[in-house]
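Welcome, and please get your viewer ready. We will go through this molecule stop by stop, selecting one thing at a time.

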Amino acid sequence: MESQHPSTMPALHEDKEALLMVLSSRIQIQLDCTSKSAKGQHLLHAKTGFHASSPPSISAVDYLDRVMKYSFCSNVCFVMAFQYLERIGTFYDELQLSPSNVHRLIITSVMLAAKFFDDIYYNNAYYAKVGGIPLHEINALEKEFLGRVHFQLFLTTDEYGRFETKLINEALNSNFAQTEHVRGILRQKGYRIQKLVEPLDRDNGRMQRIPRLPAVDHVSTGLRSAAMSIPGAFTSEHLDHSFSAMMSLSYEHDQDGPLFV
């Protein structure tokens with residue numbers, strides 16, 4: 001049933017806990033569908049830059065949790081990243097989410113969304129450490145991802161709003177047993193199924209960039225504010241220095257080595 005009071009429903013990007021649950025739910029559902037589909041094994045063993053020779057030991061949900069924790073980008077970027085994932089999976093069957101490609105696709109799409117949307121973002125070296133992959137590899141993944149989506153990272157306000165609503169609806173509509181607790185928590189938070197508004201014509205002159213939103217958590221905000229108070233500290237390199245200890249977490253936390261092979 002559709003919400004009778006959609007205007008009172010909180011925006012997904014304004015609640016990081018809800019956002020993580022919704023995106024984790026989508027990952028679990030899509031991976032389950034992939035594993036049960038006739039082409040699932042084909043997707044698992046596809047050969048692209050995003051496919052590992054064997055699935056990493058860390059689950060996709062735990063990996064997303066860590067990326068959200070250490071990326072220090074606005075919450076909007078994660079919604080945009082998953083829209084990019086839907087876009088690339090629509091045009092390339094081999095890039096639909098599977099256990100062997102989901103990790104690389106997540107870190108690459110989040111990095112690109114942060115670069116495109118946020119005013120301040122971290123360089124590829126930082127995202128490589130957060131993602132647990134070598135710098136040369138994330139550089140190559142960035143190039144491949146951009147080429148496959150034809151460098152189309154722009155989202156209109158309408159497209160963004162529709163996709164955020166779609167994510168909420170999918171999570172609430174799902175009958176996937178593993179995400180039953182997610183549906184309960186979302187309802188407690190006030191989220192309801194909403195009608196999707198018909199998209200605007202992209203060529204009607206009403207395209208505009210998504211408005212800036214206060215979606216960065218307080219830790220990230222404080223560190224960025226401190227960094228920006230230092231003369232000349234507006235580059236990602238200066239900000240990376242502020243997180244130098246954190247940048248090595250992928251190699252120290254994950255059994256002293258890269259996550260992927």
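How many helices and how many strands does the chain have? Switch on the cartoon view and count: there are 13 helices and 0 strands. Keep in mind as you look that this is a predicted model. Now colour the chain by burial: of its 261 residues, 49% count as buried. Contacts across the sequence are worth a look too. Among contacts with a separation of 6 or more, 83% join residues 24 or more positions apart.

**Stop 1: the nonpolar core**

Select Ile27, Tyr127, Phe145 and Leu186. These residues have the most contacts inside the largest nonpolar core, which has 64 residues. Several helices give two or more residues to this core, including H1 (16–36), H5 (102–117) and H9 (180–188). In soluble globular proteins, nonpolar side chains tend to be buried together.

Next, zoom in on leucine 186. Which residues is leucine 186 in contact with, leaving aside its neighbours within four places in sequence? You should find Ala18, Met21, Val22, Ala171, Leu172 and Tyr191.

**Stop 2: helix H6 and its partner H3**

Select H6, which is mostly covered, with 6 of its 8 residues buried. Those buried residues are Asn124, Tyr126, Tyr127, Ala128, Val130 and Gly131. Tyr127 may ring a bell, as it was in your core selection.

Now add H3 to the view. Two packed helices are described by the angle between their axes and the distance between the axes. For H3 and H6, the angle is about 145° and the axes are 10 Å apart. H3 passes H6 in a right-handed crossing. To see where the helices touch, show the side chains: Tyr63, Arg66, Val67 and Tyr70 in H3 meet Tyr126, Val130 and Gly131 in H6.

Step just past the end of H6 and you reach glycine 132, with a positive phi of about 75°.

**Stop 3: two phenylalanines in loops**

Most residues other than glycine have a negative phi, and most peptide bonds are trans. Keep that in mind while you select phenylalanine 72, in the loop between H3 and H4. Its phi is positive, near 55°. Then select phenylalanine 151, in the loop between H7 and H8. Phenylalanine 151 has a positive phi as well, of about 60°.

Is each one buried or exposed? Phenylalanine 72 counts as buried, because its relative accessibility is 6%, under the 20% limit. Phenylalanine 151 counts as exposed, because its 59% is over the 50% limit.

**Stop 4: a buried aspartate**

Go to the loop between H5 and H6 and pick aspartate 118. Aspartate 118 is buried, with a relative accessible area of 9%. What does its side chain make a polar contact with? Draw a distance to the side chain of serine 74, and you will find a polar contact of 2.6 Å.

**Stop 5: the cysteines**

Finally, select the cysteines. How many disulfides are found in the whole structure? The search finds 0. Cysteine 73 shows the reasoning: its closest cysteine sulfur, in cysteine 77, is 4.4 Å away. A disulfide needs the two sulfur atoms within 2.5 Å, so this pair is too far apart for a bond. Cysteine 73 is buried, with a relative accessible area of 3%, whereas cysteine 33 is partly exposed at 47%.

Note on methods: Residues are numbered from 1 along each chain as its sequence is written. This is a predicted model: local features need pLDDT of at least 70, side-chain atom pairs count only at pLDDT 80 or more; totals for chains, interfaces and linings use all residues. Side-chain values use heavy atoms; hydrogens and water are left out. Buried means under 20% relative accessible area, exposed over 50%, partly exposed in between (1.4 Å probe, protein chains only). A nonpolar core is a set of buried Ala, Val, Leu, Ile, Met, Phe, Trp, Tyr and Cys residues joined through side-chain atoms within 4.5 Å. Helices (H or I, at least four residues) and strands (E, at least two) are DSSP runs, numbered from the N terminus. Contact means heavy atoms within 4.5 Å. A polar contact is a pair of N or O atoms within 3.5 Å; within protein, one must be able to donate a hydrogen and the other to accept it, and residues adjacent in sequence count only if both atoms are side-chain atoms. Axes are lines fitted to C-alpha atoms, for helices over the stretch in contact, and angles run from 0 to 180 degrees between N-to-C directions. A crossing is left-handed if the near helix is turned anticlockwise from the far one by less than a right angle, and right-handed if clockwise.
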